[in-house]
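Work through these exercises with the sequence and the structure open side by side. Try each task before reading its solution.

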Amino acid sequence: MVTPTLRLTIIVAAASIVPAWTTNHNVRADETVVRIVALGDSLTAGYGVPAGSAFPKKLEAALRARGQPAAVANAGVSGDTAARGLARLNRSISDDTDAVILELGANDMLRGFEPNVTRAALGEILRNLEARRIVVLLCGVRTQPSRGDEYKRAFAAMFSDLAREHNVLFYPAFDDAFVDDTQLKLPDGLHPTAAGIEAVVTRILPKVEVLIDRARHRGR
């Protein structure tokens with residue numbers, strides 16, 4: 001997600017975004033590290049916060065604090081739509097990835113895209129990952145109030161329908177933890193502060209642990 005006034009200042013370096021798996025020894029020695037990629041827009045990229053406070057970094061730290069051997073790579077690009085995420089999918093998600101947290105669609109909403117346009121791109125992403133036996137947690141996002149209730153319901157239904165059709169884990173609103181709290185948002189009103197990201201991690205953590213369990217038991 002990115003505000004229109006800042007859109008021109010964003011340099012999209014999508015080609016260089018590939019998982020960089022690191023070794024951390026503060027995990028259970030008897031289990032292989034689960035490799036997760038957060039594929040998304042500025043909400044996962046960490047817009048407006050220090051690199052160490054971005055969602056993937058904070059999520060990995062929280063997982064390891066709970067004894068979960070996981071590495072979370074950041075494949076978020078500010079300003080990305082679902083279609084742009086699809087275009088860079090194979091560059092961003094290597095075949096040795098175990099699981100993906102898919103967070104795209106916020107910019108589609110901001111730009112007034114038809115839900116079916118976003119749905120088509122997300123559907124292609126899900127089919128690609130399914131073919132590669134990479135498990136997925138699909139995240140919805142809260143729509144902008146100015147678009148109206150019908151638009152909001154259409155996007156909410158689109159996300160939940162995709163999760164059901166592709167049998168993937170579903171988290172209804174990635175931004176739900178901070179969107180209604182001004183103390184957890186940057187001045188633009190769209191992006192979380194570092195504390196807002198911590199709130200997201202706290203809420204989504206149980207679902208990510210289920211994702212890890214699915215990754216460990218999937219057939220390759």
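The exercises below move from the whole chain to single residues of this predicted model.

**Exercise 1. Confidence**

Task: Find where pLDDT stays under 50, and set those stretches against the mean pLDDT of the chain.

Solution:
- Start with the whole chain. Its mean pLDDT is 88, and 85% of its residues reach 70 or more.
- Go to residues 4-16. pLDDT stays under 50 there, and the model has 11 contacts beyond four places in sequence for this stretch.
- Go on to residues 22-30. Here too pLDDT stays under 50, with 12 contacts beyond four places in sequence.

**Exercise 2. Overall build**

Task: Count the helices and strands, then give their pattern along the sequence.

Solution:
- The count is 8 helices and 5 strands.
- From start to end the pattern reads β-α-α-β-α-α-β-α-α-β-α-β-α.
- Now check contacts with a separation of 6 or more. Of these, 82% link residues 24 or more positions apart.
- Then look at burial. The chain has 220 residues, and 52% are buried.
- Finish with the surface. The accessible area is about 10,100 Å², and carbon and sulfur atoms hold 52% of this surface.

**Exercise 3. The sheet**

Task: Put the strands of the sheet in order, and explain why two of them stand at the edges.

Solution:
- The sheet is open and has 5 strands. Their order is E2-E1-E3-E4-E5, with parallel pairing.
- Look at the two ends. E2 (70-76) and E5 (169-171) each have a single partner strand, so each keeps one side without a neighbour in the sheet.
- Add the twist. With direction ignored, neighbouring strands are turned by 20 degrees against each other on average.
- Trace the pairing of E1 (residues 34-40) with E3 (residues 99-103). These parallel strands are joined by 5 bridges. Across this pair, Ile 36 stands opposite Ala 99 in E3.

**Exercise 4. Two helices on the sheet**

Task: State which strands H2 touches and which strands H6 lies across.

Solution:
- Take H2 (residues 55-65). This helix packs on the sheet and touches E1, E2 and E3. Its direction makes about 170 degrees with that of E2.
- Take H6 (residues 115-131). This helix lies across E1, E3 and E4 (135-139), and runs at about 175 degrees to E3.

**Exercise 5. Strand E4**

Task: Decide whether the faces of E4 are covered or open, and find its bridge partners on either side.

Solution:
- Count first. In E4, 5 of its 5 residues are buried.
- Split them by face. Val 135, Leu 137 and Cys 139 lie on one side, Val 136 and Leu 138 on the other, and all are buried. Both faces are therefore covered.
- Turn to E3. It pairs with E4 in the parallel sense over 4 bridges. Val 100 has Val 136 as its bridge partner in E4.
- Turn to E5. It runs parallel to E4, and 3 bridges join the two. Cys 139 has Tyr 171 as its bridge partner in E5.

**Exercise 6. Ala 177**

Task: Is Ala 177 buried or exposed, and which residues is Ala 177 in contact with?

Solution:
- Place the residue. Ala 177 sits in the loop between E5 and H8 (194-217).
- Apply the cut-off. Buried means under 20% relative accessible area. Ala 177 has 9%, so Ala 177 is buried.
- List the contacts, leaving aside neighbours within four places in sequence. They are Leu 184, Ala 199, Val 200 and Arg 203.
- Check the spacing to Arg 203. Ala 177 and Arg 203 are 26 residues apart in sequence, yet 7.1 Å apart in space, C-alpha to C-alpha.

How values were computed
Residues numbered from 1 in each chain as written. Predicted model: local features only at pLDDT ≥ 70, side-chain atom pairs only at ≥ 80, totals over all residues. Heavy atoms only, no water. Pairing = 2+ DSSP bridges. Axes fitted to C-alpha atoms, helices over the stretch in contact; angles between N-to-C directions. Contact = heavy atoms within 4.5 Å. pLDDT = per-residue confidence, 0-100. Buried < 20%, exposed > 50% of the residue type's maximum accessible area, 1.4 Å probe, protein only. Areas by Shrake-Rupley, 256 points an atom, 1.4 Å probe, with all protein chains shown as cover.
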